[in-house]
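Student: Could you take a close look at one part of this model for me, the residues that a database record marks as a binding site, and then walk outward from there?

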Amino acid sequence: MKYQKPKGTMDILPGSSAKWQYIEDTARKVFGEYNFRELRTPIFEHFEVVARSVGETTDIVTKEMYDFYDKGERHITLRPEGTAPLVRSYVENKLFGPEYVNPFKGYYMGPMFRYERPQAGRLRQFHQIGVEVIGSKNPATDVETMAMALAFYQQLGVSHVKLVINTLGNKESRMRYRDALITYLETVEEQLSEDSKRRLHQNPLRVLDSKDKKDKVIVEKAPSILDYLDEYSATFFNEVKGMLDALNIPYVVDHRMVRGLDYYNHTVFEIMSEAKGFGGVLTTICAGGRYDGLISEFGGPIEKDTGFGFALGIERALIAIEAEGKEIPVDESIDVYVACMDQLGNVLAQAVAQSARHAGLICERDVDFRKLKAQFRTANRLGAKLVVVIGDNEVEEQRVVIKDMEKGTEEKIAVSDLDNYFKNYIN
Ligand code: ATP
Ligand code: MG
């Protein structure tokens, strides 16, 4: 019997995990500068939490959910995204209370689950970092949060990116646009792909998002949402654009860009990577937008019923970095290697290693009592700066030999002085 990981998942192994930590640390640092705090919600939720907010007719809910009934007959799903869980948590824990500053600013990171057809950069268990701002109807929030997403990629050295924005307007604007879009699409219904035919009446905005070649041509001639905005929606979008201009943040408006989740309105955006390494195709590495109305749907207070957030895939961030030929700085070298020549030195080797670690040094010790030459090779491979050698004499004299690998010098140190020696070394 040979066991393998489930399709669409991956093991993140040593070496690679350091890169993941670097990306996560970068997010914590950048988001911290904008005063965001981390939330950790469960990996599974009640099915309805996700289905109702993401939308019953979306691909995520109809095709991609990892849902099941647990032993108590509860309808559960592994979370496919982070916004619904975070808003659920915000309302359930009353994070809108007077002790919290408005707006509420939270971020999350962790695995998400979607039953998709696995491809490069598309997995069934993938990892997102996301943020949500709840309680601000100021377009400055949209702009600031998009700027933060760009700052994150910049910090990672990803610079060939394009910010694409659009507005979906408020509900009234969208309804009027929806009607106009249906009217147009009905005139070309026969030429649409099967998927788009189905979407036409269920969720017509999704037709704009179709990846089908023929659909794309048809969509070129579709009416634009920008012609259906009411005054509030139009003004809001103009303010967003004006503030992006004021911050000198380049962007393009794509009036056909819609997002695959139902809760969005007003500003939506994507950050696309233009790096050649993605095979020449523009790839979305971050996406998000405004979701006014979602908080009250979860039972939250009406005066906090505005939200803005984004999510980015860690897998795709890694691909983007590589696609630009950038390296993540990873230093996994150690400080001290304790070489031990035979069983007699076993206990002393352990004490020496612990002394180094207590001083704050990264330390590894030999456990196989191999030939000294082999142990030095290991020390070199691990990048050790100091090697402590323990043979029979050292045990007897209670003095160890310490070789400084950088300077090439060697000295004998009494075991009783080791704690001090390591502490001084670190300074
Ligand atoms: P796509 O159009 O690529 O399917 P999406 O609209 O489903 O993306 P969102 O739900 O908005 O994506 O998620 C935001 C980000 O999460 C995406 O831009 C991408 O970086 C990442 N992401 C989404 N689905 C996956 C997946 N199955 N595997 C890896 N990363 C993903
Ligand atoms: Mg998708």
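Tutor: Here is a tour that starts at the annotated site and moves outward, residue by residue.

Keep in mind that this is a predicted model. The site itself comes from UniProt, where an unreviewed entry places the feature "binding site" at Glu-81, Gly-82, Thr-83, Arg-114, Gln-128, Glu-132, Arg-259, Tyr-263 and Tyr-264. Of these residues, Arg-259, Tyr-263 and Tyr-264 are included in the lining of the second largest pocket.

Let's zoom in on Thr-83. This residue lies in helix 4, which covers residues 83-92. With a relative accessible area of 6%, Thr-83 is buried, because the cut-off for that label is under 20%. Leaving aside neighbours within four places in sequence, Thr-83 is in contact with Tyr-108, Glu-132, Tyr-263, Tyr-291 and Leu-294. Two names there should ring a bell: Glu-132 and Tyr-263 are both on the UniProt list too.

Now for Arg-114, another residue of the annotated set. You'll find Arg-114 in the loop between strand 5 (104-113) and strand 6 (125-134). Loop or not, Arg-114 is buried, at a relative accessible area of 14%. Not counting residues up to four places away in sequence, the residues Arg-114 touches are Ile-60, Glu-64, Tyr-66, Pro-80, Glu-81, Leu-123, Arg-124, Phe-126 and Gln-128. Again there's some overlap with the record, since Glu-81 and Gln-128 are annotated as well.

Back to helix 4, and on to Ser-89, which lies in this helix. Ser-89 counts as buried, at 7% relative accessibility. Setting aside neighbours within four places in sequence, Ser-89 is in contact with Leu-39, Thr-41 and Leu-95. If you want a distance to check, Ser-89 and Val-50 are 12 Å apart, C-alpha to C-alpha, and 39 residues apart in sequence.

Helix 4 has a partner in Phe-298 as well. Phe-298 lies in the loop between helix 10 (294-297) and strand 11 (307-313). Not counting residues up to four places away in sequence, Phe-298 touches Val-49, Ser-53, Ala-84, Val-87, Arg-88 and Val-91. For another distance, the C-alpha atoms of Phe-298 and Asp-227 are separated by 31 Å, with their positions 71 residues apart along the chain.

Some backbone geometry next, which you may want to inspect yourself. Asn-102 and Pro-103 are joined by a cis peptide bond, with omega at about -5°. Pro-103 sits in the loop between helix 4 and strand 5. Then there's His-266, which is not a glycine but has a positive phi of about 50°. His-266 lies in strand 9 (residues 265-273), and at 3% relative accessibility His-266 counts as buried. Phe-369 also has a positive phi of about 50° without being a glycine. That residue is found in the loop between strand 13 (363-365) and helix 13 (372-381), and at 25% relative accessibility Phe-369 counts as partly exposed.

Thr-141 is worth a quick stop. Thr-141 lies in helix 5 (residues 139-155) and is buried, with a relative accessible area of 11%. Beyond residues up to four places away in sequence, Thr-141 touches Val-133, Ser-136, Arg-290 and Phe-308.

Last stop: a helix pair. Two packed helices are described by the angle between their axes and the distance between the axes. The axes of helix 1 (residues 16-33) and helix 11 (residues 314-323) come within 11 Å and cross at roughly 100°. That makes helix 1 roughly perpendicular to helix 11, because angles of 65 to 115 degrees get that label. On the helix 1 side the contact involves Lys-19, Trp-20, Ile-23 and Glu-24, and these meet Ile-314, Glu-315, Ala-317, Leu-318 and Ile-321 in helix 11. The residues of this contact divide into 6 nonpolar, no polar and 3 charged.

Ile-319 lies in helix 11 too, and at 28% relative accessibility Ile-319 counts as partly exposed. Not counting residues up to four places away in sequence, Ile-319 touches Gly-121 and Phe-278. The C-alpha atoms of Ile-319 and Ala-120 are separated by 9.3 Å, although these two are 199 residues apart along the chain.

Methods: Residues numbered from 1 in each chain as written. Chains lettered and ligands numbered in written order. Predicted model: local features only at pLDDT ≥ 70, side-chain atom pairs only at ≥ 80, totals over all residues. Heavy atoms only, no water. Axes fitted to C-alpha atoms, helices over the stretch in contact; angles between N-to-C directions. Helix = DSSP H or I, 4+ residues; strand = E, 2+ residues; numbered from the N terminus. Parallel < 35°, antiparallel > 145°, perpendicular 65-115°, else oblique. Contact = heavy atoms within 4.5 Å. Nonpolar A, V, L, I, M, F, W, Y, C, P; charged D, E, K, R; others polar. UniProt positions renumbered as here; feature names shortened; annotations may be inferred. 1 Å grid on protein atoms, 1.4 Å probe; cavity = no way out; pocket = protein on both sides within 12 Å on 5 of 7 lines; lining within 4 Å. Buried < 20%, exposed > 50% of the residue type's maximum accessible area, 1.4 Å probe, protein only.
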